[in-house]
Amino acid sequence: MDADVAVIGVGTMGSMATWQLAKRGISVLGFEKYGIGNDRSAVGGESRLFRTAYMEGKEYVPLLQESKRLWQELEKETGESLLTLNGGLMIGDPDTQVMKNVQHSIESFDLDHEILQEKEAHRRFPQHRLFARDIMILDKNAGFLRPELAVTTAATQAEELGASILRYTEVKDIKPDRSGVTISTDKRRYRVGKVLVTTGPWSGAFLPELSRQFKARRLVLTWFSAKDITKFYPKNFPIFARMRKDFRLTGAPTLDGTMVKASNTKNPDLIEDTGQINRDVKVEELREVGEAVKELIPELIPDPVRASVYMDAYTPDDHSVVGFLPGMDENVMIASGFSGHGFKMAPIIGRIAADLLEDGNTSYDIEHMDPKRYVENLA
Ligand SMILES: Cc1cc2nc3c(=O)[nH]c(=O)nc-3n(C[C@H](O)[C@H](O)[C@H](O)COP(=O)(O)OP(=O)(O)OC[C@H]3O[C@@H](n4cnc5c(N)ncnc54)[C@H](O)[C@@H]3O)c2cc1C
């Protein structure tokens, strides 16, 4: 045996799982096709939003609360600053499903928040222009994460604790049997006890049954200059997510003191071949997000000054897939399909993966992520 557990894909979820497994003294071998913290898929672009009043559904709230604790634990262990809780604004019509989900999350878990009607919203956060019927909900347990640093920190900490990570090593195939799993890479074969697949948008590549369920999507991040950048410092400008009919504008305060991130993440394009993703940003995409910014955040200069392209794996119901794969002898588990909202929960997913790989079960409620809803048997 080369290791008790192999983690295939040491990106967002893989780095956290490797850290959590190594912490338990389990021998773990990571395989990463590129370098650690690479920006080839879902990591990159300087910040990721952390929110707890969750517009994707209240079932995530306990996981996010635990995730916050684990982000802070990783910070404590390593001395790095990964999560800044400067608050988060959810803005929209209270009758929309996403704003109802935010309210249900708050009511069900008594989350620390404020609801600001138009006048008060304008007084406190004049950077945002509100429309008739819009309300602003301030989530006090929200803020931003540093994605590249988070992944490199978790992976480095895992290595400190004894994990081995093979960089620039692409897994081509896995073959589970009763006593373990054989892994073939572009270099040689390895034999391990169990496997965790965390290959994000590539997860269908060597699990063909799942490839029908996972769709890789292309997301464009954009940054803007401001008329007065001090108004967009983290202490003055919480992260935000704003829903309108034609776009979903999300953003973060300035982190470099010159640019503010505001991006349209609604209906990202499908990518047919993950190896051939178009990293060019279309003029139309720049124009559309510029128009949204002009309308909603008039203090920004509405021409994007920076833009970059990433991808994530989406499932049909936008909930991820976390658990053992049926028909694979309880030896292969997956954590993928995070559908554009997984970064914030990466440490708790790492922990759940470690629970499942070590004990076969977890105390966290992950029913909404059960792989069985998509695959009955992969044998
Ligand atoms: C632009 C953008 C903005 C986002 N904003 C937010 C946000 O604000 N808040 C939030 O919570 N979430 C956000 N998300 C979602 C979040 O970033 C993703 O859900 C999460 O990072 C997915 O993690 P992952 O581990 O599944 O994939 P990844 O982090 O992409 O990791 C997959 C890894 O597997 C490796 N790999 C693939 N195939 C192989 C192979 N065969 N062998 C070895 N290695 C392999 C890849 O190189 C990669 O490193 C955003 C996503 C994007 C793209």
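Me: In this predicted model, how do the residues of the shell around the ligand divide into nonpolar, polar and charged?

Reply: The shell is made up of 16 nonpolar residues, 12 polar ones and six charged ones. In total 34 residues surround the ligand, and the closest are Thr12, Glu32, Ser41, Leu49 and Lys344.

Me: Which elements give two or more residues to that shell around the ligand, and which one provides the largest share?

Reply: Three polar pairs come before that answer. The side chain of Asp312 places an N or O atom 2.7 Å from an oxygen atom of the ligand, while a backbone N or O atom of Phe343 is 3.0 Å from a ligand oxygen atom, and a polar backbone atom of Val171 lies 3.0 Å from a nitrogen atom of the ligand. Taken alone the ligand would expose 1,000 Å², of which the protein buries 96%. As for the elements, two or more shell residues come from each of α1 (12-23), β3 (48-50), β13 (215-224) and β18 (306-314), and the largest share, three residues, belongs to β18.

Me: Strand β3 is on that list; in what order do the strands of its open sheet run?

Reply: Strands of a sheet pair through backbone hydrogen bonds, and the pairing may be parallel or antiparallel. Here the open sheet has three strands in the order β3-β8-β4, and their pairing is antiparallel. Because β3 and β4 (83-84) stand at the edges with a single partner strand each, one side of each has no neighbour in the sheet. Strand β4 is joined to β8 (residues 143-145) by two bridges, and in that pairing Leu83 has Leu145 of β8 as its bridge partner.

Me: How should I read the pairings of β12, and in which sense does each partner strand run?

Reply: It helps to take the partners of β12 (residues 189-197) one at a time. With β1 (residues 3-8) the pairing is parallel over five bridges, and Val5 has Lys194 of β12 as its bridge partner. With β11 (residues 180-185) the pairing is antiparallel over four bridges, Thr182 being matched with Arg191 of β12, and these two strands form a hairpin with three residues between them. With β20 (residues 332-336) the sense is again parallel, through three bridges, and the bridge partner of Val197 in β20 is Ile334.

Me: Is Val151 buried or exposed, and which residues does Val151 touch beyond those up to four places away in sequence?

Reply: Val151 belongs to helix α5 (residues 147-160) and has a relative accessible area of 1%, so it counts as buried under the 20% cut-off. Leaving aside residues up to four places away in sequence, Val151 touches Val10, Gly11, Thr12, Ser15, Ile36, Gly37, Val43 and Phe343. Two of these names have already come up: Thr12 is among the residues closest to the ligand, and Phe343 has a backbone N or O atom 3.0 Å from a ligand oxygen. By contrast, the C-alpha atoms of Val151 and Pro176 are separated by 28 Å, with the two residues 25 places apart along the chain.

Me: Where is Asp110 found, and where is Ser339?

Reply: Asp110 has a positive phi of about 50 degrees although it is not a glycine, and Ser339, also not a glycine, has a positive phi of about 50 degrees. Asp110 sits in the loop between α3 (97-109) and β6 (113-116), where its relative accessibility of 69% makes it exposed. Ser339 lies in the loop between β20 and α8 (346-359), and at 6% relative accessibility Ser339 counts as buried.

How values were computed. Residues are numbered from 1 along each chain as its sequence is written. This is a predicted model: local features need pLDDT of at least 70, side-chain atom pairs count only at pLDDT 80 or more; totals for chains, interfaces and linings use all residues. Side-chain values use heavy atoms; hydrogens and water are left out. A residue is near a molecule or strand if one of its heavy atoms lies within 4 Å of it. A polar contact is a pair of N or O atoms within 3.5 Å; within protein, one must be able to donate a hydrogen and the other to accept it, and residues adjacent in sequence count only if both atoms are side-chain atoms. Accessible areas come from the Shrake-Rupley method with a 1.4 Å probe; for residues, only the protein chains shown count as cover. Ala, Val, Leu, Ile, Met, Phe, Trp, Tyr, Cys and Pro count as nonpolar, Asp, Glu, Lys and Arg as charged, and the others, Gly among them, as polar. Two strands pair if DSSP finds at least two bridges between them. Buried means under 20% relative accessible area, exposed over 50%, partly exposed in between (1.4 Å probe, protein chains only). Contact means heavy atoms within 4.5 Å.
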